[in-house]
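Subject: Structure handover

Hello,

Please find the structure below, followed by notes on what came out of going through it.

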Amino acid sequence: MEIGYGTLENVLMKMFGLRPAQRSALVGRLKYLARLGFPKAAKVGRGVRARYSVEDLIHVALALEITDLGVAPVPIVERITRDERLIRGAVARAWRTADLPGPERGRWSIDVAVLSGIGTGGGAERATPLIAELAAGDVVAEPTDRRDLPFDERRSALGRRSRILMDAGKFLRDLQDAIGEDDPGRVPDFMEAMGAIVREERANAVIPGSAGRAGSE
């Protein structure tokens, strides 16, 4: 599945529940990310229209999710680009658990303090993966998942917390729903693309074979 810039913009508007008046702000964010060469699909020559894959769409949505919490785009882009392979595995695992009850779904812990440069200076912090995957029952200090709030209210809701806890399954389902709202005909292509990600990770022995949601096989 590949989409053009206009569809990318529309899907993100719907995914984050943005109002028409907020479109220009979203466009500004996307243009800034493009100037950073992010996602890779944005790096095209003059006069050439960019085409975005499902993974590009996931990466952009994830970057917007984190920047809305007050983290500068540059370190996020660097981490997503560096951790692309690890993120693909995390996405595959989250997708396979997306239809399970909340506590059993894949969750991602993201250390905002490290991304923001608070207390950095050691090599271990610079090497910290963007996403730490949590198993059912794992507890994270000061967790918060603000995806239930309007996009422009999440930063203030985070307050002084140093770590966010994302419901990864909900994140991916919200993306699927936004694609369907924009064009229902693209949903089967999205499902197939997600299934391909899962099959690739399974082939690489990153995730164990188990029952998953429709489209993951």
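To start with a single residue, T7 sits in helix α1, which covers residues 5-15. This is a predicted model, and everything that follows is computed from it. T7 has a relative accessibility of 13% and so counts as buried, the cut-off being under 20%. Once neighbours within four places in sequence are set aside, T7 is in contact with D182 and R186.

The chain as a whole

The chain holds 10 helices and five strands. Of its 217 residues, 47% are buried. Among contacts with a separation of 6 or more, 70% are accounted for by residues 24 or more positions apart. The accessible surface comes to about 10400 Å², and carbon and sulfur atoms own 52% of that surface.

A link across the sequence

D174 is placed in helix α9, residues 168-182. Its relative accessible area is 19%, so D174 is buried, given that the limit is under 20%. D174 and M15 are separated by 159 residues in sequence, yet their C-alpha atoms lie 5.9 Å apart.

Helix α2 and what follows

L33 belongs to helix α2. With a relative accessibility of 5%, L33 counts as buried. Leaving out residues up to four places away in sequence, L33 touches F38, V60, L64, P73 and V77. For one of these, L64, the C-alpha to C-alpha distance from L33 is 9.6 Å, at a sequence separation of 31 residues.

F38 also takes part in a feature to check before any setup: the peptide bond from F38 to P39 is cis, with omega near -5 degrees. P39 is found in the loop between α2 (23-35) and β2 (52-53).

P39 turns up again in the surroundings of Y52, a residue of strand β2. Y52 has 7% relative accessibility and therefore counts as buried. Not counting residues up to four places away in sequence, Y52 touches M1, E2, I3, G4, Y5, L8, P39, A41 and A42. Y52 and A41 are 11 residues apart in sequence, and 5.8 Å separates their C-alpha atoms.

Helix α4

V77, named above as a contact of L33, is one of the buried residues of helix α4 (residues 73-82). The buried residues of α4 are I76, V77, R79 and I80. Viewed down the axis of α4, these buried residues fall within an arc of 165 degrees, so they line one face of the helix.

Cavities

Rolling a probe the size of a water molecule over the atoms shows where empty space is left. How many cavities of 30 Å³ or more are there? The count comes to two. The second largest cavity has a volume of about 30 Å³. Its lining is made up of E55, I58, H59, I87, R88, V91 and I197. The elements giving two or more residues to that lining are α3 (54-67) and α5 (84-96). By type, the lining residues of the second largest cavity divide into four nonpolar, one polar and two charged.

That is what I have for now.

Regards

Notes:
Residues numbered from 1 in each chain as written. Predicted model: local features only at pLDDT ≥ 70, side-chain atom pairs only at ≥ 80, totals over all residues. Heavy atoms only, no water. Helix = DSSP H or I, 4+ residues; strand = E, 2+ residues; numbered from the N terminus. Buried < 20%, exposed > 50% of the residue type's maximum accessible area, 1.4 Å probe, protein only. Contact = heavy atoms within 4.5 Å. 1 Å grid on protein atoms, 1.4 Å probe; cavity = no way out; pocket = protein on both sides within 12 Å on 5 of 7 lines; lining within 4 Å. Points joined across faces, edges and corners; volume = space filled by probe spheres on them. Nonpolar A, V, L, I, M, F, W, Y, C, P; charged D, E, K, R; others polar. Areas by Shrake-Rupley, 256 points an atom, 1.4 Å probe, with all protein chains shown as cover. Arc of directions from axis to C-beta.
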